[in-house]
Structures are given as C-alpha cells and as structure tokens.
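Hi,

Here is the structure I promised to pass on. Have a look through it first, and then read on for what turned up.

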Amino acid sequence: MCGICIFMLLDNNKQRYPILISLHKSGSTWVNSFIHKRYRRIGLTTPPSNLYTEFFCLNQSDNRDHKFVQRTDEERIALLEHLRTFGLEINQKAHLPEIVPVWPWFKEFYKDHDILVLKRRNIFSHWISQLFFYCIRQGTNDVTEIVSEEGSTNIIPSLKDMDMKKEDILKSTIQQYNVQFKFNEKRFRQFVLDIRFLNDVVIKELDKPHVIWLEDIDHAWLEKRFGVTVKNTVSPFKTLDYKVYFKPEDMAIIKEKFKERFDNEFQFFGYEYK
C-alpha cells in the first residue's frame with residue numbers, strides 16, 4: 001500500500017485523536033499534558049499555554065493585544081475546519097462554559113473523535129477552588145501577573161512550573177491586596193449551570209464519551225491511556241489550602257448554599273460532598 005493511502009486511512013480514523021472536555025479547575029491541565037504529548041506524534045500542538053490550549057476561551061484578560069486573543073469563535077472554527085482539509089487535528093482543552101456557545105458545531109465536528117469528559121467527584125473541593133481564584137481576581141482588580149523581588153507568577157496559575165517560590169508569591173499577594181474570600185451568588189450560579197450542561201447535555205448528546213473521574217486516575221493510567229511516556233508533569237500547589245482563607249461565617253454561607261444544590265441535584269450526577 002502506498003504511503004499516501006496509508007496516510008488517508010490514518011486520517012479517517014478520528015478515534016486516534018483525544019479531545020478533553022471539562023470544567024475549569026478539574027485537573028484538565030494535568031491530563032492534557034499527556035494528550036499534548038500524544039498530539040506531538042499524530043497532529044498539531046500549540047505552545048503549552050492556556051492562551052492557546054483553552055482554544056475557545058475569549059475572556060483572556062491577559063495578552064489582550066495578542067492576535068489569537070482577538071480572534072472570534074467563528075474565526076477559530078474556520079481555522080479548525082481549514083486544518084482538517086489538510087488532514088490535521090489540533091490539541092486543545094475544551095472548557096465549560098466557553099464551548100457552550102459553539103456546542104452544536106462542536107459535537108458534530110468532533111463526533112468521531114476519542115472524547116473524554118473529565119469530572120471531579122469531590123465536587124465541594126472543586127467549587128471552593130473555583131471560588132478561591134475568582135475571589136483573587138476580584139480582589140486584585142483582574143491583575144494577571146504578580147511581579148516581586150522574588151520573581152513572578154500568574155495570579156490564576158496554569159499549574160505549570162508551580163514551585164514553592166510561586167506559591168509564596170501568591171500567598172503574599174493575597175495579603176498585599178487584602179483579598180476577601182466570600183460567597184458569590186453569580187459565580188455559584190455559573191458553576192451550577194456548567195455542572196448541568198456537562199452532565200445533561202455534553203455527556204448525553206455525545207455518543208458514549210469516556211467519562212473519567214479525576215480521583216480515579218494517576219500518572220501510570222494516563223501514560224497507558226494515551227500511549228505516551230511523560231517524565232515531568234504539572235502539579236498543584238503543595239501547601240495552599242483554599243478553605244482556610246474563608247472566614248468561618250463565610251464558609252457557613254458557602255456550605256449552606258452548596259448543600260441545598262448537592263442534595264437536590266449534584267448527588268444524582270454521581271458527585272460526592274467532599
């Protein structure tokens with residue numbers, strides 16, 4: 001069989017190409033680091049930065065002058081469709097709520113791919129991590145990068161190169177800006193909408209996607225699943241406990257609001273109150 005014929009056969013097998021769907025703060029950067037390495041063999045990769053890998057994220061408060069940030073959903077879709085005419089697929093993290101506006105197109109375009117839906121079973125911890133970083137962005141007036149004598153770090157870290165120095169910078173910035181960690185009704189409503197869309201729309205409308213819980217997978221599992229060997233991976237902060245930053249009275253409000261949704265909705269999607 002000629003080389004061109006072999007290429008065409010491989011190109012038609014879209015199951016070779018994993019596509020990861022999740023909410024923010026679900027461990028997607030860690031999981032995608034393995035998928036990214038797979039794409040380096042079979043497709044296209046962008047620089048491993050959220051600027052590119054969060055392909056449909058238009059709310060990039062940093063790098064506003066960057067050409068990619070200025071592109072619309074329609075322009076990004078056109079790029080993906082054009083690349084496919086060359087037999088090329090690109091690695092990306094598909095996050096909610098960013099893919100909601102393009103969902104009808106997205107589910108059709110990727111219907112034959114190896115689609116993985118990543119969820120965090122410990123849903124309260126998931127919510128607290130989202131709220132924590134939301135409060136920081138609000139408290140710092142959307143500052144995206146902290147610069148100090150010790151170095152610099154992103155205010156909303158991408159889990160890349162998270163050494164102790166960057167963790168200390170983040171902690172000192174919380175003190176410097178006197179960030180207030182409180183319940184936010186608008187942010188919680190969005191979290192609930194994202195959970196609903198992931199479970200009631202994404203999982204149900206796709207053809208048997210591979211649903212995985214973050215708590216059930218590890219480094220070895222990911223290497224085997226994507227057929228890669230990865231030596232250095234991203235890792236979360238080691239000593240940053242999000243919950244301790246919320247005052248007891250504020251945490252009581254957060255738990256009250258959350259428990260009502262958990263009892264009436266979240267538990268039926270398989271989540272646990274942890």
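**Salt bridges and a helix**

Let's start with a pair of residues away from the surface: Arg261 and Glu265 are both buried. They form a salt bridge with each other, and their closest N and O atoms are 2.6 Å apart. That pair belongs to something wider, since salt bridges with shared partners join Arg196, Glu260, Arg261 and Glu265 into one network. Keep in mind that this is a predicted model.

How many salt bridges are there? The count comes to 15, and here are two more of them. Glu108 pairs with Lys111, with 2.8 Å between the closest N and O atoms. Glu108 counts as partly exposed because its relative accessibility is 46%, which falls between the 20% and 50% cut-offs. Lys111 is also partly exposed, at 45%. Then there is Glu272, which forms a salt bridge with Lys274, the closest N and O atoms being 3.2 Å apart. Glu272 has a relative accessible area of 32%, so this residue is partly exposed.

Now for helix α6, which covers residues 123-139. Does the helix sit enclosed or open? Of its 17 residues, 13 are buried, so α6 is largely enclosed by the rest of the structure. Its length works out too: at 1.5 Å a residue, the 17 residues should span 24 Å, and the end C-alpha atoms are indeed 24 Å apart. After α6 comes Asn141, which has a positive phi, near 55°.

Cheers

Definitions and conventions: Residues numbered from 1 in each chain as written. Predicted model: local features only at pLDDT ≥ 70, side-chain atom pairs only at ≥ 80, totals over all residues. Heavy atoms only, no water. Helix = DSSP H or I, 4+ residues; strand = E, 2+ residues; numbered from the N terminus. Expected span 1.5 Å × (residues − 1). Buried < 20%, exposed > 50% of the residue type's maximum accessible area, 1.4 Å probe, protein only. Salt bridge = Lys/Arg side-chain N within 4 Å of Asp/Glu carboxyl O.
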